[in-house]
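Hello,

Here is the structure I promised to pass on to you. Please have a look at the sequence and the model first, and then read my notes below.

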Amino acid sequence: MARTENENAIFPKGEKAPADYFTGTAWVNILVPQDQTGSYSIGDVVFEPGCRNNWHTHPAGQTLLVTAGNGYYQEKGKPARLLTKGDVVKIPSDVEHWHGATHDSYFTHIAISNITKEGAVKWLQPVTDEEYNSVHKK
Ligand code: MN
């Protein structure tokens, strides 16, 4: 069933995510900032319907915990995985991928991002409409 509201939200929406790295609007609420150990941070990310982040990699991987809505996770060259509440995605180091909402649903996940001296993420090119549409038409 399509969801058009951010229903069942656990955490409040944070700041709008940087437009340079997202197509559409997303909000990021940093729940646990990088601390003195520097090893990880935890953020809650809300995507409006159709919103997705750019292709990117994580030097030390990332874990996504899906808390609401419907979304996708896709690694380069592989079919997209449909995600819904309760799904867990373990993203390996240096694997090019994107995540975001389906075209008709809000999507919320908690992102646990490992941080190295190279940072937590390397942003690449946007996910084109052609790439995105080819996922949700299947
Ligand atoms: Mn990621």
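Let me begin with one residue: E96 is partly exposed, with a relative accessibility of 22% (buried is under 20% relative accessible area, exposed over 50%, partly exposed in between, with a 1.4 Å probe and protein chains only). E96 sits in the loop between β9 and β10 (strands are DSSP runs of E, at least two residues, numbered from the N terminus). From E96 to V121 there are 25 residues in sequence, and their C-alpha atoms are 11 Å apart in space.

Before going on, please note that this is a predicted model, where local features need pLDDT of at least 70 and side-chain atom pairs count only at pLDDT 80 or more, while totals for chains, interfaces and linings use all residues. Residues are numbered from 1 along each chain as its sequence is written, and side-chain values use heavy atoms, with hydrogens and water left out.

The loop that holds E96 has another residue to look at. D94 also lies between β9 (88–91) and β10, and D94 has a positive phi, near 60 degrees, although it is not a glycine. For context, most residues other than glycine have a negative phi. D94 is exposed, with 51% relative accessible area.

Next comes the metal site. Which residues hold the manganese ion? Its protein donors are H56, H58, H97 and H99, each through NE2, together with Q62 through OE1, and they lie 2.2 to 2.3 Å from the ion (donors are N, O and S atoms within 2.8 Å of the metal, or 3.2 Å for Na, K and Ca; sites may look incomplete without water). Along the sequence, the donor residues follow the spacing H-x1-H-x3-Q-x34-H-x1-H. Q62 in strand β7 and H97 in strand β10 (residues 97–101) are 35 residues apart, so this pair links distant parts of the chain. Q62 is buried, at 4% relative accessible area, and H97 is buried too, at 0%.

Q62 turns up again in the largest pocket, which has about 410 Å³ of space. (On a 1 Å grid over the protein atoms alone, a pocket is an open set of points for a 1.4 Å probe, with protein on both sides within 12 Å along at least five of seven lines; lining residues have an atom within 4 Å of a point. The volume is the space filled by probe spheres set on the points.) There are 24 lining residues, and those closest to the pocket centre are V28, Q62, S113, V121 and W123. β3 (26–32), β4 (40–47) and β11 (107–114) each give at least two residues to the lining, and β4 has the largest share, with five.

That makes β4 a good strand to follow. Seven of its eight residues are buried. Y40 belongs to β4 and is partly exposed, at 33% relative accessible area. Its C-alpha atom is separated by 19 Å from that of A17, which is 23 residues away along the chain.

How do the strands around β4 pair? β3 and β4 run antiparallel and are joined by six bridges (two strands pair if DSSP finds at least two bridges between them). Within that pairing, V32 has I42 as its partner in β4, while V28 is matched with V45. β3 is also joined to strand β1 (residues 15–16), antiparallel, by two bridges, and there E15 is partnered with V28. On the β11 side, β4 pairs in the antiparallel sense over eight bridges, with F47 standing opposite F107.

F47 and F107 also belong to the largest nonpolar core, a group of 15 residues; F22, A26, F47, L83, V89 and F107 touch the most other members (such a core is a set of buried Ala, Val, Leu, Ile, Met, Phe, Trp, Tyr and Cys residues joined through side-chain atoms within 4.5 Å). β4, β7, β9 and β11 each supply at least two residues of this core, and β7 gives the most, with three.

Finally, there is the hairpin that β7 forms with β8. Strand β7 (residues 62–75) and strand β8 (residues 81–84) run antiparallel and are joined by four bridges. Y73 is bridged to R81 in β8. Five residues lie between the two strands, and in this hairpin G77 takes a positive phi near 80 degrees.

Enjoy exploring it!

Best wishes
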